[in-house]
Amino acid sequence: MNDVRVRFAPSPTGFFHIGSARTALFNWLYAKHRGGKFILRIEDTDDERDRKEFLDVLIHGLRWLGLDWDEGPDVGGEYGPYFQSQRSDVYQKYIEILKNKGFAYEKDGALYFKVSHRPQVIHDLIRGDVAREEEKDFVIVRTNGKPVFHLVNVVDDISMRITHIIRGEDHLSNTSKHIELFNAFGEKPPLFAHIPLILKSQGSGKMSKRDTGALIEDYEKNHFIAAAVRNYLCLLGWSPKEDREILPLDEIIRLFDIGDVNKNNARFDEKKMSFFNSEYLRSLPFDDFHSRALVVLKNSPIAVDKFDARYVRDVLAICQEKLRSFVELPNFIEYFFVEKITHDREALAKLQSKFDIQTRLREFKLAFESLDTVDETSVENLVHELATKHGVNTGEYIHSVRLAVSGRTVGPSLFGLLRVLGKEVVLERLNAFASQS
RNA sequence: GUCCCGUUCGUCUAGCGGUUAGGACUCAGGAUUUUCAUUCCUGCAACAGGGGUUCGAUUCCCCUACGGGACGCCA
């Protein structure tokens, strides 16, 4: 029998915080690992703040990360509705129960919950048993008649048959309130798992929406690979052991268990996140890389539409292994798509100080002109022959030619670069460079 | 201030009484390659401190320090 039911219960605020995303991820992973259900419930009780359009950011971000839900907005489910704003009748029913049992009383126009003044023990899968005593009665229905978070959260977890509550550690001190409520309703509280927080990379405190890397929507905007972000997030507070870090999702699902999550907070590391992204980028199947790249380029100054699709494809094919992120792509391949290129003066001066660029280029051009077909091997052979003939390193030709035809010293393999650029353009650029200097 | 939670290289982590304390990112060298990158090798770098328990503590207990969180008619 398998009846694991977990939920992610965000409040739509207009952005999707990385900490929330990881909470969602851990819930999702646990559901998948146990073959249970992952439920998305929208906690939109604070109508001062919640707006419809805010919801889209959340839904979109979850989908982008590949975290699909079994019940919730768009997909429905037998325990709906999944918006708290649409569940007032449910709350009303439960409020009556509390009143009838003598757990609730009115004061100053609000409804308060009578606290037991006994330590509540939280059975936490990550932290073990944690005892905490609630000292003051607290509001469960506001003066304006709207029920507050603590009440609706517990009522929904009961009525949606939630078995495990996986949430951020910032909720740990709320949990004693919640256990009181579960007890008052005569319900056995679910199991809890309070996961550590994500701290900002610099300075003190948890990550806030203003810190770089804090918002999931920004990763998409910057063309990060969702699988890389997801993989990195898994490793913030959890480890697959075995000295492995980059691993496919199905393997993570297999290995993940909520009880193995760390107790201590983790600091976000932008560099490591980027490292994951480049690893994923490099190992993308080319067709996948190609179609993603086209999307990136469509939103860039480079008018790829004006070029032959096969040419664009060729350019991308020789660049994938050298590229570190999609944001760098337009700049990285720019010289393939412009008439006149600009040369990196600094790099030029540096090369000039080491050897005679002009001579090497003259020698290269002479040999290159007589080449029938420009492909990787013929150019490579040509360069090697020249180097032997003139008694210099092949690097002298390679560096000089790359700088002359691309304007820079960084890029894909020179031999592929020349092939893709084509004999005509290469000669043009060699001539332009020669007359210019 | 009160109450909770935590503490292994700069960062993410492995370790669950006996280890040369392992890996990853970063950084610094080196090798290969045509540059950059990749790949490979090497290096720098950690058990917060003090008491116990034990033949033996990074591992168990206590205290201190430090870090984090919560103390709303926000969620």
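This is a short talk on the predicted model of chain A and RNA strand B.

I will begin with the chain as a whole. Chain A has 437 residues, and 36% of them count as buried. Its secondary structure comes to 18 helices and eleven strands. Along the principal axes, the C-alpha atoms fill a box of roughly 100 × 45 × 40 Å. The radius of gyration is 30 Å, whereas a compact globule of 437 residues would have one near 22 Å. As for contacts, take those in chain A with a separation of 6 or more: 75% of them join residues 24 or more positions apart.

The domain assignment of chain A gives domain 1, residues 285-336, and domain 2, residues 345-436. The C-alpha centres of these domains lie 23 Å apart. Where they meet, seven residues of domain 1 are in contact with nine residues of domain 2. On the domain 1 side of that contact there are five nonpolar residues, two charged ones and no polar ones.

Now the RNA. Which residues come nearest to RNA strand B? They are Ser11, Glu43, Arg142, Ser204 and Asn264, out of 55 residues around the strand. By class, the residues of this surface divide into 20 charged, 19 polar and 16 nonpolar. Several elements supply at least two residues each, among them β6, α5, α9 and α17. Helix α16 gives the most, with four residues.

Next, the strands, beginning with β3 and β4. β3 covers residues 104-107, runs antiparallel to β4, and is joined to β4 by four bridges. One pair to look for is Lys107, which stands opposite Ala110 in β4. The two strands form a hairpin with two residues between them, and Asp108 in that turn has a positive phi of about 50°.

On β4 itself, residues 110-113, the side chains alternate. Leu111 and Phe113 point to one face and are buried, while Ala110 and Tyr112 point to the other and are not. β4 also pairs with β7, residues 138-141, in the antiparallel sense over three bridges. In that pairing Leu111 stands opposite Val141.

A second hairpin is made by β5 and β6, with three residues between the strands. β5, residues 119-124, pairs with β6 in the antiparallel sense over six bridges. Here Asp124 stands opposite Gly128, and Gly128 is found in strand β6. Is Gly128 buried or exposed? Gly128 is exposed, because only 12 or fewer neighbours are allowed for that label and Gly128 has 9 other C-beta atoms within 10 Å.

From the strands I move to a helix, α7, residues 226-234. Seven of its nine residues are buried, so the helix is mostly covered. The buried ones include Val229, Arg230, Tyr232 and Leu233. What covers them includes α1, α6, α8 and α9. After α7 comes a loop that leads to α8, and Glu242 lies in it. Glu242 counts as exposed because it has 8 C-beta neighbours inside 10 Å. The C-alpha atoms of Glu242 and Ser173 are separated by 34 Å, and the two residues are 69 apart along the chain.

Last, a few backbone details. Most residues other than glycine have a negative phi, and most peptide bonds are trans. There are exceptions here to look at. The peptide bond from Gly80 to Pro81 is cis, with omega near 0°. Pro81 lies in the loop between α2 and α3. Gly80 can also be set against Gly128: they are 48 residues apart in sequence and 32 Å apart in space, C-alpha to C-alpha.

His117 has a positive phi, near 60°, and is not a glycine. His117 lies in the loop between β4 and β5. It is exposed, because 11 other C-beta atoms lie within 10 Å. Arg161 also has a positive phi, of about 60°, without being a glycine. Its place is the loop between α4 and β8. How exposed is Arg161, and what is the count behind the label? Arg161 counts as partly exposed, because it has 14 C-beta neighbours inside 10 Å.

That is the end of the talk.

Technical notes: Residues are numbered from 1 along each chain as its sequence is written. Chains are lettered from A and ligands numbered from 1 in the order in which they are written. This is a predicted model: local features need pLDDT of at least 70, side-chain atom pairs count only at pLDDT 80 or more; totals for chains, interfaces and linings use all residues. A residue is near a molecule or strand if its C-beta atom, placed from the backbone, lies within 6 Å of it. Ala, Val, Leu, Ile, Met, Phe, Trp, Tyr, Cys and Pro count as nonpolar, Asp, Glu, Lys and Arg as charged, and the others, Gly among them, as polar. A residue is buried if 20 or more other C-beta atoms lie within 10 Å of its own, exposed if 12 or fewer, and partly exposed in between; C-beta atoms are placed from the backbone. Two strands pair if DSSP finds at least two bridges between them. Domain bounds come from an automatic or database domain assignment. Two residues are in contact if their C-beta atoms, placed from the backbone, lie within 7 Å. The radius of gyration is taken over C-alpha atoms; the globule rule is 2.2 Å times the number of residues to the power 0.38.
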